[in-house]
Amino acid sequence: MLTTAEIVLGLSRHLSAYGASQPKADLGQLEFAGKIIELAIRVRGSGVSSPDRIAALGLDAGIPKRETQRELLPALETLGLIDLERDSDRVVQAVSERIPPLPELFVQADAILGIAMPEPLERMAMEVLRQTTLMPITLDTALETCAPLGPEDLARRAIEDLQSLHLCALQRSADGDEVLFNPNVWAVDKDHSHAAIQAENGAVRAALSGLLEEVSATAGLPEDEVTSADRKWIDFAVSQGLLLRSLVTTALGQERSFLFSPHMGRSAFDAPTGADPSGNVRQLIGSMMFANRYASNQLFAPTAFLRKLIREGEAGDASNISTDYSMLETAGIVRVEPAYSYYKFVLLQADVAEQAVTYLENTGSSGTASGGLRGQRSYLQPEIERARRLVQPSKEAIPSPSASQDILAALRQEMGRRRYDR
């Protein structure tokens, strides 16, 4: 599940691609909180800097100089993340950073939100985004989740804002059920209503949520190592497309299944990239996990092995390569050939291996707070960020229906006041 820090930072980066609009304005305090984290990430490790240097780091992230100096620096000072040295006129002369490692910084997300003071609508939007990214949920469940934070009409507006910003989609099934999900993570053309309705039961939702989080935290989790749910929930999640299963079968009759989250290669805040429609990346990762855990000649460093395979075009010299990985050959990912003593892999699809390495590095055995949801903890180099901004025009978010009604009502009232000179 997305952590608070990932939601806040991801939303801020997502909103930066949009021009001025009502949905963006509704989430303005969250965007500000994300900018605090963004600037902290960029300032971290800089030691003592001049205000102009800090302003330049902010500008590179798309943050205006005035906002950096008047709002973000005082916020970071309040959080104890920097010290500001001022002259007798209270003008900042130097900025001394003492920002902790990123995991410790992200733990302070709640304190950062305390400074930004998000409105109830914004907290509702955070919770709906968190839940709909983890799994599809019914509209009624979303409204129930938001109930402790404010009235229903506010919750509906929060959902409408997320829809306008392409962070939430509403799907109606043939039975009339309304289901919400994050379209950047879950397939838009798939009917998620059955899984969402099943999850309305609290016990079912707890089982599925725990299962999805556990699988997301490990690249190619062996099915027989799942501890968060019974086999029936694994089968249900696979049947509904909430999880993906890859099989590894050897010539000696061994068979193991490995589980993947559909989040693989996706970000909660962007249209899907790096998806694996053919399943070849999952097949390669599953085979590496098999080699790491179950092979007679165990592979102790799958990521390093794949890197060598990419770098040299071939890797390995083991007897079980000829018996355990026929599915990789069938998929055309590798070719098995005789090596010096036994057998080796010859790489045929370098792009598949590179994607597998990327995914293994972003999750691995330790995982990240959001498992397979990538991108918010990775700091983009300024050149990459700058290029991205240059080639992407501002997106437009259509005002939500409820907000449009409020705007029209205010305009009518103002026109009436002018007409009667009130």
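Helices here are DSSP runs of H or I with at least four residues, numbered from the N terminus. With that in hand, a newcomer can begin at helix 10 of this predicted model, which is followed by His166, a residue whose phi is positive, near 60°. Helix 10 itself covers residues 152–164. At 1.5 Å a residue, its 13 residues should span 18 Å, and the end C-alpha atoms are indeed 18 Å apart, so expectation and model agree. Many side chains can be followed along this helix: Ala155, Arg157, Ala158, Ile159, Glu160, Asp161, Leu162 and Ser164 are its buried residues. The list includes Arg157, Glu160 and Asp161, which count as charged.

Attention turns next to the sheet. Three strands form an open sheet in the order 1-3-2, and their pairing is antiparallel. Strand 1 (48–49) and strand 2 (82–86) stand at the edges; each has a single partner strand, so one side of each is left without a neighbour in the sheet. Strand 3, made of residues 92–97, is joined to strand 1 by 2 bridges, and the two run antiparallel. On strand 1, Ser49 has Val95 of strand 3 as its bridge partner. A helix also meets this part of the sheet: helix 4 (residues 51–60) lies across strand 1 and strand 3, and runs at about 65° to strand 3.

Helix-to-helix packing offers another view of the model. Two packed helices are described by the angle between their axes and the distance between the axes. For helix 1 (residues 4–15) and helix 8 (residues 120–134), the angle is about 105° and the axes are 11 Å apart. Angles of 65 to 115 degrees count as roughly perpendicular, and helix 1 and helix 8 are therefore roughly perpendicular to each other. Helix 1 brings Thr4, Ile7, Val8 and Leu11 to the contact, while helix 8 brings Met126, Leu129 and Arg130. By character, the residues of this contact divide into 5 nonpolar, 1 polar and 1 charged. The spacing on helix 1 can be read with a simple rule in mind. An α-helix has 3.6 residues a turn, so residues three or four places apart point the same way.

A final stop is Glu361, found in helix 18 (residues 350–362). Glu361 has a relative accessible area of 45% and is therefore partly exposed. Leaving aside neighbours within four places in sequence, Glu361 is in contact with Thr303 and Arg307. Thr303 lies 58 residues from Glu361 along the chain, yet their C-alpha atoms are separated by 7.5 Å.

Notes
Residues numbered from 1 in each chain as written. Predicted model: local features only at pLDDT ≥ 70, side-chain atom pairs only at ≥ 80, totals over all residues. Heavy atoms only, no water. Expected span 1.5 Å × (residues − 1). Buried < 20%, exposed > 50% of the residue type's maximum accessible area, 1.4 Å probe, protein only. Pairing = 2+ DSSP bridges. Contact = heavy atoms within 4.5 Å. Axes fitted to C-alpha atoms, helices over the stretch in contact; angles between N-to-C directions. Parallel < 35°, antiparallel > 145°, perpendicular 65-115°, else oblique.
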